[in-house]
Amino acid sequence: MPRSRDMKPRGRSEAMGRALTWLCGGALAFNLLLVIAILALLAWNGLGYFWQRDLMELDLRDGRKVLGEVWEVEKTAAVDRMRLKIGNRDVAGLDFAWIDGKDIARRSLPRHAVMLERLEWGNFYGTMAELKRGGKVIASGPDAVWKAFGPLHEKKREELAKIHELEQGGMSGSPAEDERLADRLTRMREQFSAETLVMLTADGEAKEMPVGTVVQALKPNELGWFAKLRVYGGRVWEFVSADPRESNTEGGIFPAIFGTVMMVFLMSFAVAPLGVLAALYLREYARQGFLVRLVRIAVNNLAGVPSIVFGMFGLGFFVYVLGGSIDRVFFPESLPAPTFGTGGILWASLTLALLTVPVVIVAAEEGLAAVPRIVREGSLALGATKFETIRRVVIPAAAPGILTGMILAMARAAGEVAPLMIVGMVKLAPALPVDGRPPFLHLERKFMHLGFHIYDVGFQSPNVEATTPLVFATALLLILVVTLMNLVAIALRNHLRRKYAGSAV
Amino acid sequence: VAVAGAGRIGALLADEHRTHVATLDSSGVARVVRLADGKEVYASDVLQQTSPGPAPAVLTVLTAMAVPAQSRYFSAATSDGRVMLKKMDFTVTFQGSGRVVTPDVTPPVFLEVDPGYRPLGAFAAQVDEDGGATAAAILATGRLAVVRRAVELNEMTGETAEALSRAEIDVPGRVTAMVLDPAQRNLYAGTEGGDLLWWPLDGGRPGELKVAGAGAPVTALNLLLGGKSLAVGQGNGALSVWFAVRQTDDTQRLERIHEFPRQPGAVREIAPSQRDKSFLAVAGRQLGLYYSTADRTLWTGPAPLAGSTALFYTPKADGAYLAGGGQNGGQIAELDIHNPHPEVTLKSLFGKVWYEGYDQPAWVWQSSGASNDLEPKLSLVPLMAGTLKGTFYSLLLAIPLGVFGAMYTSQFMHPVYKRYLKPVIEIMASLPSVVLGFLAGLWLAPRIERAMPALLLGLAVLPLLVLLAGFLWNALPRAFRGRFPLGTEAILFVGVLALGVWLCMGLSRGFERLAFAGDFKAWLLGATSLGFDQRNAVVVGLAMGFAVIPIIFAIAEDAFSNVPQNLVAGSLALGANRWQTVTRVVLPTASPGIFSAVMIGFGRAVGETMIVLMATGNTPIMSWNPFNGFRTLSANIAVEIPEAPQGGSLYRTLFLAGLLLFVITFLLNTVAELVRQRLRERYSQL
């Protein structure tokens, strides 16, 4: 006998409902899993970038020897292989190599294995053989060289710093002095490269290099946990404070951090008055009617406009129209080379200000709306004018809300890349937008940006495999900054809500 | 401008800056006239500077003259069986602030086409930079002769050696017009009978003749920029563009590709642009400007001179010169042409266009190429298709996860969990898309490539695992379960799912062997003939889906949570269980909110740039294969706008793409916002 849907036994429908509920819960759980997985992935790879791994020497069955850091081990039923960072780009050409497990005859962690971080050509892995001065051997054998290398290396680093200082000083103007300076530089450079270090690769090939070009020398296999942690800390510091080397693939990312921070600050200066005043007007002054409703829809719409469209607007209006006019009026002498008529940090910040203004308006409006009527009416009753009430009572009370909006806007701006790609970012800026030369703040300069750094190094560099770890570190830093800002904003907002939750009666 | 003393001007050209015109008339005099004051700055009789073999019996004159396509040469056929080529270029030097243009000419070169020194009929000639030249002409006997002068440079001595070769063949019909391509590899001719003849040339030797019927007698013939498209003018006023198309039997044949409106009279002259695929044509008393790719008549008007004899389109495509006038000719008229964006029409942006070298009309985006004679292909259709494809696959992931996750959070979870969940979702929303794109492109894509079977397996295994875990949770004693707030099982599911993912990865190989004969990619290609790119729509779907989930989640959660409690309470009081209440009462009430959540998520996915840029190969192809890459409107803008010159066609087309994006998102967001406002009003009434 056919049963109608409604006559289904209650138990079955209930079980069905419960199963579907679980599936919904599964959907939620999957979202959470994705967030956790992404954060964990970034943290693991980003933090692992700075960790000094042991140097493993592999004797291969065909007689070759390989020395390097083990980065990845793949061991399943079908494949057994490991990925080794073998460095020595000037000798082997590749930074990484996959080694099949069946080819390995012997593994060892040689004590004398040395890792050199170099100014050029990336890392070197090998053993120290000789130290020479002007062609004459002054130390030989791993231990002796290591002992002599330490103090000498320190001296060379000092010399290098001095050379850089002199080079940065520039020309003084008088030819005689310039010549003396040039002479001195030449002599210093000669002296700088007088001592050379001879290294042996695992295969026994010798490689000679000036001591001064070594950034850091380590014997990873002799380092204890504590020493490794110190190396780790040093690397993190270098990463956030040093200039990039080897076209961004090594060294630090300080200019990118600086550029991002400065752009975000410039943007805040532009977006704060714009957003807050708009919110004040919409909430406090405007008559709530059709027009205000239209404006609200427009603001919400603005938030949904693709960021690349803002970038195009920035390019078409700020760069070409505004920048072009500024060039014609103020910098006609340098035309046709553009000064402001090309992408720069000012236009980038203004573009992002437009992009983030809805965020500020919405949050500031929410903050203003949360200020209880009683407070306003109290102020008005005491004889304050509307303007005084807003200035002295409403705005201070709504400050956390406005601040929330600002922080959210800054976080959004810090992570946005697409519009900046077309209004002023470059992979390698020759100078920071701030320096010691008047007018000190160079708004027309191009700048580096963390997000663009990720895109550029990760996708445009010739040796993607070698640079991916660095990109992970950059991505982690960016995520940390953005997430922290967001958490602060969320905390502020919750605080605000709790504060007025009771008093809004 | 009247050129003093000139007879019938048969060919003319001008310099880049349009300060001078060079003319060649039938008496064999080449002149250069300064346009500013009409002064003659150069004149030479090309026929006097030669000494042909036997003395000509009659006075030699030029019977036909032309400027070979894309060259700075005069070419002419003589009445004594020779073809002349004379370089007629201009050099520009700067003196102070002024620009001085001087003619840069060489003595003429003659190629003997007819050893009998009889007058030639229709002819065509071309010369390359090294001086290698080819001339083809119809002899008095009606046969076709092709003469090639090959010049070989000896690398060691720097000396050049010349070699002449000659071939003579029969021609079907009387040839009225002929043209050679700049590479000297193809010879085209039109006959009085209305046939187009095409010979491939191999070292000056004509190959197999191919004939295509065009109908009416061919009166004018010229090659457009690039040397592939043949503009054909006919006696009945038909004007069309032809090029070789590969046939089903793998041979090439000339086909009529673009057709223009019927002209008022026989087409007399066709002059191609040296900048793009546009050309000028004179037919009867009408002068017209046409653009080949877009089938577009840009302008027509009365020709300024009657009886036109030569037409030249200036090198910068900013003007034209027409020679003719009166009985004796000798007059030149100058025209300014302002033709900024001929390649952009509604049809070329959105319709199928038959491009050079294609077998059929197609939607193609290819804005720049290796050489500057590329035909720009600016169809937005593949980009729009790519945008839709990316959006589709990401919403496929984001809608179920976002909406059902939000439903669970708001309806089946204790508020304690909600307090912590919302910030997590907000963090998810704040993750910069460049980081997601990086992870998708460099971390996820290679792993998906290896573990595609695991992904497919996961689609089945993960829900089953969740159900299993839920069942087990339910089997626990109620007293134990009651100690935890509502919704704790979802937190447990996170671990279960992690376990499931690990399990799928482990089973991936075995599953691949079992279901896909050990190699998924080979199986895919064999079973469905779909290719597999590493950076494909699945990767984008996952990454962009991740970016869209929190947006959908937040708005949908709002909609669910704001459903008035009295409705829920009423439903439960009537005996419905929790699930029934949610599906029959809460879901229908909140559905407009969910609709607007999906709309806003859609808008976000449409405009997303960095993820698509990094996680796809950015190949503008049209296919719905989830394992192929694609290119979206937004990524296309990011890729191409730094290279697009301001104000150019590409720049403007990209801005049009931006406008398109803006309009789409604007509409979506407005609809979503209106729906949400209506919903809010309804809630307040309930």
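**Close-ups of the contact between chains A and B**

A single salt bridge is counted between chain A and chain B in this predicted model. The legends below walk through that contact and then visit two individual residues.

**View 1. A:R493 and B:E426 form a salt bridge.** Look here for the pair's closest N and O atoms, which lie 2.9 Å apart. Beyond this pairing, you can hunt for polar contacts across the two chains: six residue pairs are counted, with both partners at pLDDT 80 or more.

**View 2. Seven named elements of chain A each bring at least two residues to the side that touches chain B.** The helices among them are α1 (10-48), α7 (290-304), α8 (307-330), α12 (418-422), α13 (450-459) and α14 (464-501), and they are joined by the strand β2 (65-75). Which element gives the most to this side of chain A? That is α1(A), with 28 residues. Sorted by class, the side of chain A that touches chain B holds 43 nonpolar residues, along with 17 polar and eight charged ones.

**View 3. The contact between chain A and chain B buries about 6300 Å².** Carbon and sulfur atoms account for 77% of that area. Three residues deserve a moment of your time: A:W22, A:M312 and A:F459 supply 12% of the area that chain A buries against chain B, more than any other three residues. In residue terms, chain A puts 68 residues into the contact and chain B puts in 77 residues.

**View 4. A:A418 sits in helix α12 of chain A.** Is this residue buried or exposed? A:A418 counts as buried because its relative accessibility is 1%, which falls under the 20% cut-off. Setting aside neighbours within four places in sequence, you will find A:A418 in contact with A:S307 and A:I308 from its own chain, and with B:T609 and B:M610 from chain B. For a sense of scale, the C-alpha atoms of A:A418 and A:V73 are 36 Å apart in space, while the two residues are 345 residues apart in sequence.

**View 5. B:L507 belongs to helix α6 of chain B.** This helix covers residues 488-516. B:L507 has a relative accessible area of 46%, so it is classed as partly exposed, a label for values between 20% and 50%. If you would like a second landmark in chain B, try B:Y393: its C-alpha atom is separated by 25 Å from that of B:L507, and the two residues are 114 residues apart along the chain.

Methods:
Residues are numbered from 1 along each chain as its sequence is written. Chains are lettered from A and ligands numbered from 1 in the order in which they are written. This is a predicted model: local features need pLDDT of at least 70, side-chain atom pairs count only at pLDDT 80 or more; totals for chains, interfaces and linings use all residues. Side-chain values use heavy atoms; hydrogens and water are left out. Contact means heavy atoms within 4.5 Å. Buried area is the accessible area (1.4 Å probe) that two parts lose on being put together, summed over both. A salt bridge is a side-chain nitrogen of Lys or Arg within 4 Å of a carboxyl oxygen of Asp or Glu. A polar contact is a pair of N or O atoms within 3.5 Å; within protein, one must be able to donate a hydrogen and the other to accept it, and residues adjacent in sequence count only if both atoms are side-chain atoms. Helices (H or I, at least four residues) and strands (E, at least two) are DSSP runs, numbered from the N terminus. Ala, Val, Leu, Ile, Met, Phe, Trp, Tyr, Cys and Pro count as nonpolar, Asp, Glu, Lys and Arg as charged, and the others, Gly among them, as polar. Buried means under 20% relative accessible area, exposed over 50%, partly exposed in between (1.4 Å probe, protein chains only).
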